[in-house]
Amino acid sequence: MAANRRTAHTSMKLVLLILIAFFSTAAFAQGDIVKVYKDPRMEVLSQKQAELNKRSKTVASRGIRSGYRIQVYNAQDRVVANAVKSELLRRFPDQKTYLLYQAPNFRVRIGNFLSQKDASQLRKMIAALYPDRGIFVVADRVEYNPPIDED
């Protein structure tokens, strides 16, 4: 009989504890209403931040990309390859030239173009200077430096 009383007493304490916890949580939950007032300048600030992020992404995206170059020479004579490179540097000082060696040939390439169309324009100019040579636009890894807009 004493054991039954202890069990009933423990059960009663447990029920009472659960009821207290339930009602205290419900009482606190009713008072938790939060109002947020947004300053209208925050919208302007977030737009400016988005613009800055876009610019920094552009500046940070400099480097090596897939693109195109014009191959002007591809043969085994190193002396001729250096002469062709020098001639291209003289005639097109605003373009970078490259002398590559892939055994057994030396290759001279010029330019850093992201589009094949832009590379084709320079290829036509070079082909007019060297009509007897095979001049091709070739896919290559090119250096890319995007222009920085100044406001």
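**Figure 1. Surroundings of Q71 in strand 1 of the predicted model.** Q71 lies in strand 1 (strands are DSSP runs of E of at least two residues, helices runs of H or I of at least four, both numbered from the N terminus). This is a predicted model, in which local features need pLDDT of at least 70 and side-chain atom pairs count only at pLDDT 80 or more, while totals for chains, interfaces and linings use all residues. Residues are numbered from 1 along each chain as its sequence is written, and side-chain values use heavy atoms, with hydrogens and water left out. Q71 counts as buried because its relative accessibility is 8% (buried means under 20% relative accessible area, exposed over 50%, partly exposed in between, with a 1.4 Å probe and protein chains only). Leaving aside residues up to four places away in sequence, Q71 touches R107, V108, R109, G134, I135, F136 and V138 (contact means heavy atoms within 4.5 Å).

**Figure 2. Q71 and R109 across strands 1 and 3.** R109 of strand 3 is the residue opposite Q71. The two side chains make a polar contact at 2.8 Å (a pair of N or O atoms within 3.5 Å; within protein, one must be able to donate a hydrogen and the other to accept it, and residues adjacent in sequence count only if both atoms are side-chain atoms). Strand 1 (residues 63–75) and strand 3 (residues 105–113) run antiparallel and are joined by 6 bridges.

**Figure 3. The four-stranded sheet.** The sheet is open, with 4 strands in the order 2-3-1-4 and antiparallel pairing (two strands pair if DSSP finds at least two bridges between them). Strand 2 (97–102) and strand 4 (136–144) are the edge strands, each pairing on one side only. From one strand to the next, the twist averages 40° (axes are lines fitted to C-alpha atoms, for helices over the stretch in contact, and angles run from 0 to 180 degrees between N-to-C directions). Strand 2 and strand 3 form a hairpin with 2 residues between them; 6 bridges join this antiparallel pair.

**Figure 4. Helices 3 and 4 against the sheet.** Helix 3 (residues 78–91) lies across strands 1, 2 and 3, at about 20° to strand 3. Helix 4 (residues 116–129) also packs on the sheet, where it touches strand 1, strand 3 and strand 4; its direction makes about 25° with that of strand 1. Along the chain from the N terminus, the elements follow the order α-α-β-α-β-β-α-β.

**Figure 5. I110 and the largest nonpolar core.** The core has 16 residues, of which I70, V72, L88, I110, L122 and I126 touch the most other members (a nonpolar core is a set of buried Ala, Val, Leu, Ile, Met, Phe, Trp, Tyr and Cys residues joined through side-chain atoms within 4.5 Å). Strand 1, helix 3, strand 3 and helix 4 each give two or more residues to this core, and strand 3 supplies the largest share, 4 residues. In strand 3, I110 stands opposite I70 and also opposite T97. Not counting residues up to four places away in sequence, the residues touched by I110 include R69, I70, V72, L88, F92 and Q95.
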